[in-house]
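Q: Could you give me a close look at one part of this model, the aromatic rings, and then carry on to whatever else is worth a look? Keep it informal, please.

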Amino acid sequence: MADKRVSLPAKLINGGVAGLVGVTCVFPIDLAKTRLQNQQGAQVYKGLLDCLAKTVRSEGYFGCYRGAAVNLTLVTPEKAIKLAANDIFRQKLSKDGKLPLWGEMLAGCGAGTCQVVVTTPMEMLKIQLQDAGRLAAQRPAPTPAQAGAPGPSLVAAPPARPAFRTSATSITLDLLRTQGLAGLYRGAWATLFRDVPFSMIYFPLFANLNALGPRGVGASCQGNGNERAPFLQSFLSGCIAGSVAAVAVTPLDVIKTRLQTLQKGEGEDSYRGILDCIRRIISREGPSAFLKGATCRALVIAPLFGIAQGIYFLGVGEAVLESLGV
C-alpha cells in the first residue's frame with residue numbers, strides 16, 4: 001500500500017528544522033572543506049584538523065562559523081524544497097505504492113534541479129565568507145622595516161586576526177551593482193551538475209536502505225500502510241546514503257567551489273568555465289585535486305542528512321501543525 005501522505009506545509013517545516021539543526025552541528029567542517037578545496041599553490045592547511053586549529057587560533061572560535069548566517073537563513077527553504085520536491089515527485093511517479101529504480105532516480109533528479117534556485121546564491125555568498133580567512137592567512141606579514149622592529153619576516157604566518165572583513169550584505173550589493181542578478185548565480189550550472197547527481201544517488205539509496213529494517217517502531221503498527229521506520233534506522237540510512245553520495249560527487253563540488261570563489265590568492269588560477277576549470281586543475285594539480293575535501297564532505301553530509309531524515313520521519317512538522325490546530 002502507499003506510504004502515508006504528508007501535507008506540503010509539514011514537509012516544509014520538517015525540511016527547515018532539519019536544515020537548521022544539521023547546519024549548526026557541521027558548519028565548521030564545511031568551512032574547512034571550502035578552504036581545503038580552494039588551496040592551489042601555498043598549502044596554508046595540511047588537513048581538516050590543522051585547518052580548524054589554525055582557524056580557531058587566528059580568527060577565534062566563531063571564525064569557524066564564518067558564513068553560517070547565510071546558510072542558516074537560506075538552508076530552511078533549500079532543504080524544504082529538496083525534501084518536499086523529492087517526496088512529491090515520488091508520489092507522482094509511483095503506481096500502486098511501488099516506485100521502480102528509474103522513478104526513484106528521476107524523483108531525485110527533479111529534487112536536485114528544484115533546489116538550485118536557492119542553493120546557488122547561498123553557496124556563492126557562503127564560499128566568499130568561508131574563504132576570507134584562508135586568503136588573509138596567505139598575505140605576507142609586515143617586514144621588519146614595515147613593522148618598525150628588528151626580526152625575521154614571518155611570511156605566510158596567520159595574523160592574530162584577519163584584516164580582511166566582509167559581509168554577505170556587502171557581497172550581495174556589490175554583485176548586484178556590478179553584475180546584476182546573474183552575479184549571485186555564478187556557477188549555477190556547476191551547482192546543478194553537482195546537486196542533480198547527488199540527489200539521484202542519495203534519495204534512491206536512502207529509500208532502499210530505510211526499507212531494509214523493521215517498521216512500525218514508535219509508529220502505527222496496524223498494518224495499514226502508515227508505518228514509519230524508527231528514528232535510528234532513518235538516521236543511519238540518511239548518514240550512509242549521504243556520505244556515499246557526497247564522496248561520489250566531490251569532483252563536481254571542487255569545480256563548483258573554484259568557479260564560485262571570487263577572490264583568489266597569489267598565483268592561483270581563475271577559470272572561464274567548467275571545462276577550463278577541469279583542464280587547469282588536471283594540468284597544474286593532477287587528478288587527485290578533484291578529491292580535495294572528500295573526507296570533509298562525507299563528515300558534513302552524513303550527519304546533515306541523517307538528522308534531516310530522522311526529523312522528517314519523526315514527523316516534527318506534523319506535530320507542529322497539530323499543536324497549532326492546522
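A: Start with the cluster: ring pairs link Phe-198, Tyr-202, Phe-203, Phe-206 and Phe-305. Keep in mind that this is a predicted model. Searching the whole structure turns up 9 aromatic pairs. One of them is Phe-198 with Tyr-202, a stacked pair whose ring centres sit 5.8 Å apart, with 10 degrees between the planes. Both residues belong to helix H8, which covers residues 188-210, and because they are 4 residues apart there, about one helical turn separates them. That spacing fits a general rule: an α-helix has 3.6 residues a turn, so residues three or four places apart point the same way.

How exposed are these two rings? Phe-198 has 5% relative accessibility, so it counts as buried. Tyr-202 is buried too, at a relative accessible area of 0%. Phe-198 has another partner, Phe-305, and here the rings are tilted: 5.4 Å centre to centre, with 45 degrees between the planes. This pair links distant parts of the chain, since Phe-198 is in helix H8 and Phe-305 is in helix H12 (residues 294-314), 107 residues apart. Phe-198 and Phe-305 are both buried. To put the picture together, Phe-198 stacks with Tyr-202 and makes a tilted pair with Phe-305.

Now for the charged side chains. The structure has 22 salt bridges. Some of these join up: Asp-30, Lys-33, Glu-123, Lys-126, Arg-194, Asp-195, Asp-253, Lys-256 and Arg-297 are linked in a network of salt bridges. Inside that network, Glu-123 and Lys-126 are worth zooming in on, as their side chains meet in a salt bridge at 3.2 Å, N to O. The two lie in helix H4, 3 residues apart, or about one turn of the helix. Despite their charged side chains, Glu-123 and Lys-126 are both buried.

Helix H4 itself deserves a moment. The helix runs from residue 101 to 138, which makes 38 residues, yet its end C-alpha atoms are only 48 Å apart, while a straight helix at 1.5 Å a residue would reach 56 Å. Where does H4 bend? At Val-116, by about 50 degrees. And why call H4 largely enclosed? Because 30 of its 38 residues are buried, the rest of the structure largely encloses it.

Next, go to the stretch around helices H10 and H11. Asp-269 and Arg-280 meet through their side chains in a salt bridge of 3.6 Å, N to O. Asp-269 sits in the loop between helix H10 (250-260) and helix H11 (274-285), while Arg-280 is in helix H11, so the bridge ties together parts 11 residues apart in sequence. Asp-269 has a relative accessible area of 11%, which makes it buried, whereas Arg-280, at 23% relative accessibility, counts as partly exposed.

Arg-280 also forms a salt bridge with Asp-276, where the closest N and O atoms are 3.1 Å apart. Asp-276 and Arg-280 are 4 residues apart in helix H11, so about one helical turn lies between them. At 9% relative accessibility, Asp-276 counts as buried. Arg-280 therefore has two acidic partners to look for, Asp-269 in the loop before H11 and Asp-276 in H11.

While you're in that loop, check Glu-268, which is found between H10 and H11. Its relative accessible area is 10%, so Glu-268 is buried. The Glu-268 side chain makes a polar contact of 2.7 Å with the side chain of Arg-134. A polar atom of the Glu-268 side chain also lies 2.7 Å from the backbone nitrogen of Gly-265.

Last, the cysteines. How many disulfides are there? The count comes to 0. For Cys-51, the closest cysteine sulfur is that of Cys-296, 7.5 Å away, so the gap is too far for a bond. Cys-51 is buried, with 0% relative accessible area. Cys-109 isn't in a disulfide either: its nearest cysteine sulfur, in Cys-114, is 9.4 Å away. With a relative accessible area of 23%, Cys-109 is partly exposed.

Methods:
Residues numbered from 1 in each chain as written. Predicted model: local features only at pLDDT ≥ 70, side-chain atom pairs only at ≥ 80, totals over all residues. Heavy atoms only, no water. Expected span 1.5 Å × (residues − 1). Bend = angle between axes of the 7 residues up to and from the residue. Buried < 20%, exposed > 50% of the residue type's maximum accessible area, 1.4 Å probe, protein only. Phe/Tyr/Trp six-rings, centres within 6.5 Å; stacked < 30°, edge-to-face > 60°. Salt bridge = Lys/Arg side-chain N within 4 Å of Asp/Glu carboxyl O. Disulfide = S-S within 2.5 Å. Polar contact = N/O pair within 3.5 Å; in protein donor to acceptor, adjacent residues only side chain to side chain.
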